[in-house]
Amino acid sequence: MTDDGFRFVHLTDTHIMAGGTWRIRGSDVEFDTDASLRRVVEVVRALDPPPAFAVLGGDLASPDILHRERTLTAAEYAPSYARLKEILAGLPCRAHYMMGNHDNLEALNRALRPEMPVTTPCYYGFDHTGVHFVALDSHEPGHADGALDAAQLAWLERDLVAHRDAPTIAFVHHHPWPIGHAWLDTMPLRNGAELMGILGRHGQVRWIIGGHVHTEQVIQREALTLLTTPSTCIQLSKTAGETHFDPGPPGFRVVDVRDGRLSSYVVYVR
Ligand SMILES: [Fe+2]
Ligand SMILES: [Fe+2]
């Protein structure tokens with residue numbers, strides 16, 4: 001890679017839940033999401049060249065999975081974010097954090113964005129070596145599917161106008177297009193068409209990268225490349241039936257950027 005190139009990693013759906021493991025529905029399998037993320041971090045540490053930064057794509061902490069009967073408080077989420085922070089301290093680079101449907105904004109901000117007031121929405125843009133990045137927040141409290149509210153869409157429009165000359169990559173947790181899986185397509189980004197309309201009007205947006213679906217997918221739509229990244233823990237089951245997920249293998253995405261062009265690959269940790 002030449003001096004003007006860089007790489008980043010997209011880690012998503014880490015699902016840290018302090019005090020428990022993920023009992024995979026329809027099976028007796030207990031999956032340790034801490035252990036799988038630690039293995040992923042070790043592999044990221046060994047990447048050569050190293051990543052300039054990591055994007056954490058949402059569903060970062062999910063103690064709610066251990067208590068499906070009620071809504072947890074921010075204080076009850078705190079131990080899971082503390083555990084996540086401790087594990088991610090092993091990354092060789094800084095991290096940008098995003099919300100997923102399982103996350104809690106106040107607890108995430110307290111642990112991972114302590115410089116922000118705790119109610120600050122978790123959407124923002126940032127730049128690296130001439131490339132612009134947009135991280136969106138599709139979380140809606142109490143919902144498994146997602147949406148981007150009017151204020152966020154208006155901000156996105158302004159942000160893209162202000163960065164019209166920079167190749168741009170957008171991140172969003174929920175999938176804005178159907179992925180062709182009956183169960184997951186019941187919980188997409190509900191106003192995905194609206195988002196795709198905005199991105200389509202700004203030709204500098206080259207890629208959109210999502211999580212949530214715990215599987216890898218690549219779709220080309222004209223100039224836009226749509227990708228999903230597998231989870232750092234369990235993956236979408238490829239077999240039909242009651243079981244929605246299979247244990248592992250943990251995965252993540254590496255994206256190389258050079259001369260405004262991007263390439264990426266998924267790494268599975270076996
Ligand atoms: Fe997830
Ligand atoms: Fe999700």
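I began with the pairing of β4 and β5 in this predicted model. Strand β4 covers residues 53-56 and runs parallel to β5, with four bridges between them. I looked for a residue pair to anchor the register. Phe53 stands opposite Arg94 in β5.

Next I traced the sheet that holds these two strands. It is open and has five strands, in the order β5-β4-β1-β14-β15. The pairing is mixed. I checked the edges: β5 and β15 (261-268) each pair on one side only. The twist from one strand to the next averages 25°.

**Second sheet**

I then moved to the other sheet on my list. Six strands make up this open sheet, and its pairing is mixed too. I read the order as β6-β7-β8-β9-β11-β10. The edge strands here are β6 (124-128) and β10 (217-221), each with a partner on one side only. Neighbouring strands are turned by 20° against each other on average, direction ignored.

Inside this sheet I picked out β9 and β11. Strand β9 spans residues 205-210 and β11 spans residues 224-228. They run parallel and are joined by four bridges. Which residue of β11 is the bridge partner of Trp207? I found Thr225.

**Helix α2**

I turned to α2, residues 74-88. This helix has 15 residues. From first C-alpha to last I get 20 Å, close to the 21 Å expected at 1.5 Å a residue.

Which residues of α2 are buried? My list reads Tyr77, Ser80, Tyr81, Arg83, Leu84 and Leu88. I noted the general rule for comparison: an α-helix has 3.6 residues a turn, so residues three or four places apart point the same way. Then I asked what covers the buried residues of α2. The cover includes α1 (33-45), β5 (94-97) and α3 (105-112). So β5, an edge strand of the five-stranded sheet, turns up again here.

**α2 against α3**

I looked at this helix pair last. The two pack at an angle of about 40°, with their axes 8 Å apart. That angle makes α2 oblique to α3. The crossing is right-handed.

I listed the contact residues on both sides. From α2 come Ala74, Tyr77, Ala78, Tyr81, Ala82 and Lys85. From α3 come Glu106, Ala107, Leu108, Arg110, Ala111 and Leu112. I marked Tyr77 and Tyr81 in my notes: both are buried, and both belong to the contact with α3.

Note on methods
Residues are numbered from 1 along each chain as its sequence is written. Chains are lettered from A and ligands numbered from 1 in the order in which they are written. This is a predicted model: local features need pLDDT of at least 70, side-chain atom pairs count only at pLDDT 80 or more; totals for chains, interfaces and linings use all residues. Two strands pair if DSSP finds at least two bridges between them. Axes are lines fitted to C-alpha atoms, for helices over the stretch in contact, and angles run from 0 to 180 degrees between N-to-C directions. The expected span of a helix is 1.5 Å times one less than its number of residues. A residue is buried if 20 or more other C-beta atoms lie within 10 Å of its own, exposed if 12 or fewer, and partly exposed in between; C-beta atoms are placed from the backbone. Two residues are in contact if their C-beta atoms, placed from the backbone, lie within 7 Å. Angles under 35 degrees count as roughly parallel, over 145 as roughly antiparallel, 65 to 115 as roughly perpendicular and the rest as oblique. A crossing is left-handed if the near helix is turned anticlockwise from the far one by less than a right angle, and right-handed if clockwise.
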